[in-house]
Structures are given as C-alpha cells and as structure tokens.
Amino acid sequence: MIYHIASRADWQSAQENGSYTADSLAAEGFIHCSNAEQVADVAERFYAGQRGLVLLVIDPQKLTSDLRYEPGSDKPDELFPHIYGPLNLEAVASVLDLEPDSAGKWTPPPV
C-alpha cells in the first residue's frame with residue numbers, strides 16, 4: 001500500500017467528482033504519496049499544525065494512472081511513490097483520520 005495525505009474537504013470533493021486530484025498534479029504533474037514509514041515525517045514537514053486531514057490508503061495494483069518511485073525533491077536519497085494522473089477512487093482501500101497527538105507528533109499508519 002501507498003499513502004496520500006489530503007484535506008477532508010478535498011477527499012469529499014473527490015467522491016462527488018469521481019476521482020481525486022491534488023494541486024501538485026497541475027503544478028508538478030503528479031500526486032505525492034508515501035510509503036508507510038514515510039507518512040509521519042511527511043506530515044511533520046508539510047502539515048505541521050494542520051487539522052482536518054485524512055490519510056488515503058491506496059492499493060497500487062488498482063491504480064489506473066502511472067505509479068513511479070522517484071527521489072524526493074528535499075530528500076534525493078529517498079524514493080517516494082508518485083501518481084502521474086488522477087487517483088481513481090477504486091484504488092483507495094480505506095480512508096483514515098490523520099491528526100497529530102496532543103504533543104503535535106504524527107503517528108505512522110498501521111500496516
């Protein structure tokens with residue numbers, strides 16, 4: 001499984017529209033994702049202090065868009081999964097609430 005952090009509102013819009021697109025798809029050509037062990041670090045670096053987030057658990061076998069593992073822009077020695085196109089809703093196996101603990105720390109998803 002791979003993971004994508006989204007706002008709850010964006011996920012609700014995706015369900016109404018039939019597919020999910022992130023701002024990064026238009027800006028960079030792909031949707032940023034993470035492996036399970038990368039989620040907490042990504043949340044800490046890019047979503048600190050934010051609330052109302054969900055974690056999309058994505059089955060790569062069900063994607064209709066290309067999936068590529070590529071170096072992170074700020075972590076060139078680490079490979080991250082990137083979805084090159086919209087995320088089809090059938091590939092989303094589950095949606096988990098994603099909130100930091102009382103100390104503001106993020107917890108990796110259960111695998």
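This report describes the fold, the strand pairing and a few individual residues of a predicted protein model.

## Overall architecture

The predicted model contains three helices and eight strands. Read from the N terminus, these elements follow one another in the order β-α-β-α-β-α-β-β-β-β-β, so that the order closes with a run of strands after the last α element.

The protein has 111 residues and a radius of gyration of 13 Å, which agrees with the value near 13 Å that a compact globule with this number of residues would have. Measured out along the principal axes, the C-alpha trace spans about 40 × 35 × 30 Å. Among the contacts with a separation of 6 or more, 76% are made by residues 24 or more positions apart along the chain.

## Surface, burial and charge

Of the 111 residues, 41% count as buried. The accessible surface comes to about 6200 Å², and carbon and sulfur atoms account for 49% of that area.

The side chains include 7 positive and 17 negative ones. The centres of these two sets of charges lie 4 Å apart.

## Strand 4 and its partners

Strand 4 covers residues 53-58, and because six of its six residues are buried, this strand is largely enclosed by the rest of the structure. In a regular strand the side chains alternate between the two faces of the sheet. In strand 4 both faces are covered, with Leu53, Leu55 and Val57 buried on one side and Val54, Leu56 and Ile58 buried on the other.

Strands of a sheet pair through backbone hydrogen bonds, either parallel or antiparallel. Strand 4 is joined to strand 1 (residues 2-7) by six bridges, and the two run antiparallel. Within this pairing, Ile2 stands opposite Ile58, while Ser7 stands opposite Leu53. Strand 1 is itself mostly covered, with five of its six residues buried.

Strand 4 is also joined to strand 8 (residues 92-98), again by six bridges and in the antiparallel sense. Here the bridge partner of Ile58 is Val92, and Ile58 is thus a residue for which a partner can be named in strand 8 as well as in strand 1.

## The three-stranded sheet

A separate description applies to strands 3, 6 and 5, which form an open sheet in the order 3-6-5 with antiparallel pairing. Strand 3 and strand 5 (66-71) are its edge strands, each pairing on one side only.

Strand 5 and strand 6 (residues 79-84) are paired over six bridges in the antiparallel sense. One of the residue pairs in this arrangement links Tyr69 to Pro81, its bridge partner in strand 6.

## Asn35 and Leu79

Asn35 is placed in the loop between strand 3 (31-32) and helix 3 (39-46). Although it belongs to a loop, Asn35 counts as buried because its relative accessibility is 17%, and the cut-off for burial is under 20%. Not counting residues up to four places away in sequence, Asn35 touches Ile2, Tyr3, Tyr69, Leu79 and Pro81.

Leu79, one of the residues touched by Asn35, is found in strand 6. With a relative accessible area of 46%, Leu79 is partly exposed. Apart from residues up to four places away in sequence, Leu79 touches Asn35, Gln38, Tyr69, Glu70 and Pro71. The C-alpha atoms of Leu79 and Asp59, which are 20 residues apart along the chain, are separated by 18 Å.

## Ala91

Ala91 lies in the loop between strand 7 (87-88) and strand 8. Ala91 is buried, with a relative accessible area of 0%.

Once neighbours within four places in sequence are set aside, Ala91 is in contact with Val57, Ile58, Asp59, Lys62 and Leu63. Val57 and Ile58 are also among the buried residues of strand 4, where they lie on opposite sides of the strand. The C-alpha atoms of Ala91 and Leu63 are separated by 5.4 Å, although the two residues are 28 places apart along the chain.

How values were computed:
Residues are numbered from 1 along each chain as its sequence is written. This is a predicted model: local features need pLDDT of at least 70, side-chain atom pairs count only at pLDDT 80 or more; totals for chains, interfaces and linings use all residues. Side-chain values use heavy atoms; hydrogens and water are left out. Helices (H or I, at least four residues) and strands (E, at least two) are DSSP runs, numbered from the N terminus. The radius of gyration is taken over C-alpha atoms; the globule rule is 2.2 Å times the number of residues to the power 0.38. Buried means under 20% relative accessible area, exposed over 50%, partly exposed in between (1.4 Å probe, protein chains only). Contact means heavy atoms within 4.5 Å. Accessible areas come from the Shrake-Rupley method with a 1.4 Å probe; for residues, only the protein chains shown count as cover. Lys and Arg count as positive and Asp and Glu as negative; His and the chain ends are not counted. The place of a charge is taken as NZ of Lys, CZ of Arg, CG of Asp or CD of Glu. Two strands pair if DSSP finds at least two bridges between them.
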